[in-house]
Amino acid sequence: MAYNTFRMENSKLYRRKLIWIEMAGMGLLVLLLYALMVPMTKMGTGPVQELVASMGWPNGVYESLSTAGGSSLGGYLAIILVAVAVGQEYTWRTMHLWLSRGLSRTTLLVVKFASFLAPLALLVLTALVTGAIGSALVTLQADGSVNLVDLNVGKAALRALYTTYTLLPYAAITLFVTVVTRSTTAGLGITIAFAFMVEGLLIQLLSLANDSVARIGQFLPSKLAQSLLFTSEQFVQIRMDSEPLVAQLLDPMPAAALIAGYVVVFLGLAVWSFRRQDLTA
């Protein structure tokens, strides 16, 4: 029963125009970023060329995933997808249909959350594929050729997996808010306000305080995403160049554990709230 529910929920998501619109938006934005790099390939030496090199093949393939991460556009797209999909279930009363077939509320909500995993991974994959195209074009314009074997496919796949993982706290928080309010609008508004205003402003304010207070920021989802997605080389550079920034970052393993904690807590709260709701109202 749970597997059939998962399969049907997944199928419903792919029939929505929203996921395809989000994928198109993600792809177009990434391609636009790389298209802006192409004219810079002939601008001589200096910082501009360093930027072009970082966005060229194969580094640009890995860097393209930063756009799809939880601390960037990917987080907002995850919020929109979950809020719309779950909020409409209340409007269409499809929750009631599943429950009338004997499916428990806990199973229904956990399966519904699990059904978002593949669509979120598709958003990340879109950024990866378009980033590969864009970075290849940048290098082709700069050097006249692209050595495809320079790409570490395993590294790219692992970073794509990590990037998808950083989206999960935002999906879980959105699920909780939307279930509690039974509203797409509230699910969108409250969670985006948290991601954009609360997280963004709080991190800025904390960074102005002393080191002990500033470290609070490292436990917020956006900073956990950055902590997980930074490479070891970037961590070394940060620790050398930016003490305030490193105070807001954790090592990858603790960051991954805390991301899991966010997911478990907010998914648990969503289930707890859903089990107490009167769906006949």
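The charged end of which residue sits over the ring of Y62? It is that of K155, 4.3 Å from the ring centre. A charge counts as over a ring if NZ of Lys or CZ of Arg is within 6 Å of the ring centre and within 35 degrees of the ring normal. R105 also has its charged end over a ring, that of F274, 5.6 Å from the centre.

The model is predicted: local features need pLDDT of at least 70, side-chain atom pairs count only at pLDDT 80 or more, and totals for chains, interfaces and linings use all residues. Residues are numbered from 1 along each chain, and side-chain values use heavy atoms, without hydrogens and water.

Aromatic rings were examined next. The whole structure holds 3 aromatic pairs. Rings of Phe, Tyr and Trp (its six-membered ring) pair if their centres lie within 6.5 Å; planes under 30 degrees apart are stacked, over 60 edge-to-face, and the rest tilted. Y14 and W20 form a tilted pair, 6.4 Å centre to centre with 40 degrees between the planes. F176, Y262 and F266 are linked by ring pairs into a cluster.

Helix α2 covers residues 17-37 (helices are DSSP runs of H or I, at least four residues, numbered from the N terminus). Its 21 residues should span 30 Å, at 1.5 Å times one less than their number. The end C-alpha atoms are 31 Å apart, which agrees. Buried residues (under 20% relative accessible area, 1.4 Å probe, protein chains only) are I19, E22, M23, M26, G27, V30, Y34 and M37. They lie on the same side of α2, because they cover an arc of only 130 degrees around the axis, taken from the directions to the C-beta atoms. On the other side, K17, I21 and L28 are exposed (over 50%). W20 is partly exposed (between those limits), because its relative accessibility is 44%.

Definitions and conventions: Helices (H or I, at least four residues) and strands (E, at least two) are DSSP runs, numbered from the N terminus.
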